[in-house]
Amino acid sequence: MRLDGMLAASDAALSAAAAPLAEELLQLGETILETWLAAHGEIATDRKVETFRLLALHRQGARGDASFNACRETCRELVYHYNLVRLEPGHAEVARRLRLGAMVARHLMLFIGGKLEVAGLGDFCCASRPLRQLDASMQTNETV
């Protein structure tokens, strides 16, 4: 998986490809939200909010589903890491920033993936409470 590779890469490798990797992380976030929209029969917008399509896709996905707002800050954090890397590609912390961006992208992917399985995920926060309850229920049945 590309995110695992990014997390395991050396600082030198990340620093050498900082700008393309930042673009890749942002694109991954868009792809994740496009998947959510496609699963709900919607055509993903090409519009932008605050110059980012990712934020427009989030806004589109959240329309009519308040629990989807649980990943709003995750999307904004992905944009934040993109901006940090793009504005200062030679910064001493660029590798760390890319790794954090990769972790944020993974968090978004897990949240959306979980939400596709359990619609109520995110009703209270971005915790996976419904999935954990399902796991606990399955474990109880296994021990009986």
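Glu77 sits in helix H5 of this predicted model, where helices (H or I, at least four residues) and strands (E, at least two) are DSSP runs numbered from the N terminus. The residue is partly exposed, at a relative accessible area of 37%; buried here means under 20%, exposed over 50%, and partly exposed in between (1.4 Å probe, protein chains only). Glu77 and Ala105 are 28 residues apart in sequence, yet their C-alpha atoms are 9.1 Å apart in space. Residues are numbered from 1 along each chain as its sequence is written. As the model is predicted, local features need pLDDT of at least 70 and side-chain atom pairs count only at pLDDT 80 or more, while totals for chains, interfaces and linings use all residues; side-chain values use heavy atoms, with hydrogens and water left out.

Helix H5 (72–87) turns up again around the largest cavity, where helix H5 and helix H3 (18–39) each supply at least two lining residues. A cavity is a set of points, on a 1 Å grid over the protein atoms alone, where a 1.4 Å probe fits but cannot get out, and lining residues have an atom within 4 Å of a point. The structure has 1 cavity of 30 Å³ or more, and the volume of the largest comes to about 30 Å³, taken as the space filled by probe spheres set on the points, with grid points joined across faces, edges and corners. Its lining is made up of Ala22, Leu25, Leu26, Leu78, His81, Tyr82 and Gly101. That splits into 5 nonpolar residues, 2 polar and no charged, with Ala, Val, Leu, Ile, Met, Phe, Trp, Tyr, Cys and Pro counted as nonpolar, Asp, Glu, Lys and Arg as charged, and the others, Gly among them, as polar.

On to the cysteines. No disulfide (a pair of cysteine sulfur atoms within 2.5 Å) turns up, the search of the whole structure giving 0. Cys71 is in none, and its nearest cysteine sulfur, that of Cys75, is 4.6 Å away, which is too far for a bond. Cys71 is buried, with a relative accessible area of 1%, and Cys75 is buried as well, at 0%.

As for the overall picture, the protein has 7 helices and 0 strands. Of its 144 residues, 38% count as buried. Among contacts (heavy atoms within 4.5 Å) between residues at least 6 apart in sequence, 60% join residues at least 24 apart. The accessible surface, from the Shrake-Rupley method with a 1.4 Å probe, comes to about 8,200 Å², with 54% of that belonging to carbon and sulfur atoms.

Conventions: On a 1 Å grid over the protein atoms alone, a cavity is a set of points where a 1.4 Å probe fits but cannot get out, and a pocket is an open set with protein on both sides within 12 Å along at least five of seven lines; lining residues have an atom within 4 Å of a point.
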